[in-house]
Amino acid sequence: MANQSARGIHVLDKPFTCHVCGGAAFFQREVKLQTTGMTFFDLDWLNRSADGAVCASCGYVHLFAGDAHAWR
Ligand SMILES: [Zn+2]
């Protein structure tokens, strides 16, 4: 598990800031996307893990399920 110092994030090559407080430092945390029943709807891809970015200032958790973001 990642448990390191806070880092910045770029999304599509642009600096990412917290949606709540505007902070620019985040802790990385893997987040399981538990979507019971989604298999029935053929949405298994939603059951993958997401990359969680926990704001170092306010604790708000942002989730990234794709590859558009990069830790710096
Ligand atoms: Zn924040």
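Start at the N terminus and follow the chain to its end: the elements run β-β-β-β-β-β. That gives six strands and zero helices. What you have open is a predicted model, so before you zoom in, colour the chain by pLDDT. The mean over the chain is 85, and 76% of the residues reach 70 or more. Among the elements, strand S1 (residues 9–11) has the highest mean pLDDT, 97, and S3 the lowest, 90. As you look around, keep one rule in mind: where pLDDT is low, the predicted coordinates should not be read in detail.

**Stop 1: the sheet with both ends of the strand list**

Select S1, S2 and S6 together. They form an open sheet of three strands in the order S2-S1-S6, with antiparallel pairing. Its edge strands are S2 (14–15) and S6 (69–71), each of which pairs on one side only. Now look at the pairing of S1 with S6: these strands run antiparallel and share three bridges. To find the register, click on His-10, which stands opposite Ala-70 in S6.

**Stop 2: the loop between S1 and S2**

Stay where you are and select Leu-12, which belongs to the loop between S1 and S2. Check its backbone angles: Leu-12 has a positive phi of about 50° although it is not a glycine. Is Leu-12 buried or exposed? Leu-12 has 8 other C-beta atoms within 10 Å, so it is exposed.

Add Asp-13, which is placed in the loop between S1 and S2. Asp-13 also has a positive phi, about 70°, and is not a glycine. Asp-13 counts as exposed because it has 7 C-beta neighbours inside 10 Å, and the cut-off for exposed is 12 or fewer.

**Stop 3: the sheet of S3, S4 and S5**

Now hide the previous selection and bring up S3, S4 and S5. Here is an open sheet of three strands with the order S3-S4-S5 and antiparallel pairing. S3 and S5 are the edge strands, each pairing on one side only. Turn the view to look along the sheet: from one strand to the next, the twist averages 30°.

Take the pairings in turn. S3 and S4 are joined in the antiparallel sense over seven bridges. Two residue pairs are handy markers here: Phe-27 stands opposite Val-54 in S4, and Arg-29 stands opposite Gly-52 in S4. On to the next pairing, where S4 and strand S5 (residues 61–64) run antiparallel over four bridges. Which residue in S5 is the bridge partner of Ala-53? It is His-62. Val-54 has its own bridge partner in S5, Val-61. Show side chains as you go along, since in a regular strand they alternate between the two faces of the sheet.

Next, follow the chain out of S4 and into S5. The two strands form a hairpin with five residues between them, and Gly-59 in the turn has a positive phi of about 90°.

**Stop 4: the loop from S3 to S4**

Select Leu-33, found in the loop between strand S3 (26–32) and strand S4 (49–55). Leu-33 has 13 other C-beta atoms within 10 Å, so it is partly exposed. Try the distance tool from Leu-33 to Leu-63: they are 30 residues apart in sequence, and their C-alpha atoms are 9.8 Å apart in space.

**Stop 5: the core**

Finish inside the fold. Which residues make up the largest nonpolar core? Select Ile-9, Cys-18, Phe-26, Ala-53 and Cys-55: these five residues are the whole of it. Centre the view on Cys-55 and show what it touches. Leaving out residues up to four places away in sequence, Cys-55 is in contact with Cys-18, Val-20, Cys-21, Gly-23, Phe-26 and Tyr-60.

Then zoom out to the whole chain. Buried residues make up 8% of its 72 residues. Of the contacts with a separation of 6 or more, 52% are between residues 24 or more positions apart.

Terms used: Residues are numbered from 1 along each chain as its sequence is written. This is a predicted model: local features need pLDDT of at least 70, side-chain atom pairs count only at pLDDT 80 or more; totals for chains, interfaces and linings use all residues. A nonpolar core is a set of buried Ala, Val, Leu, Ile, Met, Phe, Trp, Tyr and Cys residues joined through C-beta atoms within 7 Å. A residue is buried if 20 or more other C-beta atoms lie within 10 Å of its own, exposed if 12 or fewer, and partly exposed in between; C-beta atoms are placed from the backbone. Two residues are in contact if their C-beta atoms, placed from the backbone, lie within 7 Å. pLDDT is the predictor's confidence in each residue, from 0 to 100. Two strands pair if DSSP finds at least two bridges between them. Axes are lines fitted to C-alpha atoms, for helices over the stretch in contact, and angles run from 0 to 180 degrees between N-to-C directions.
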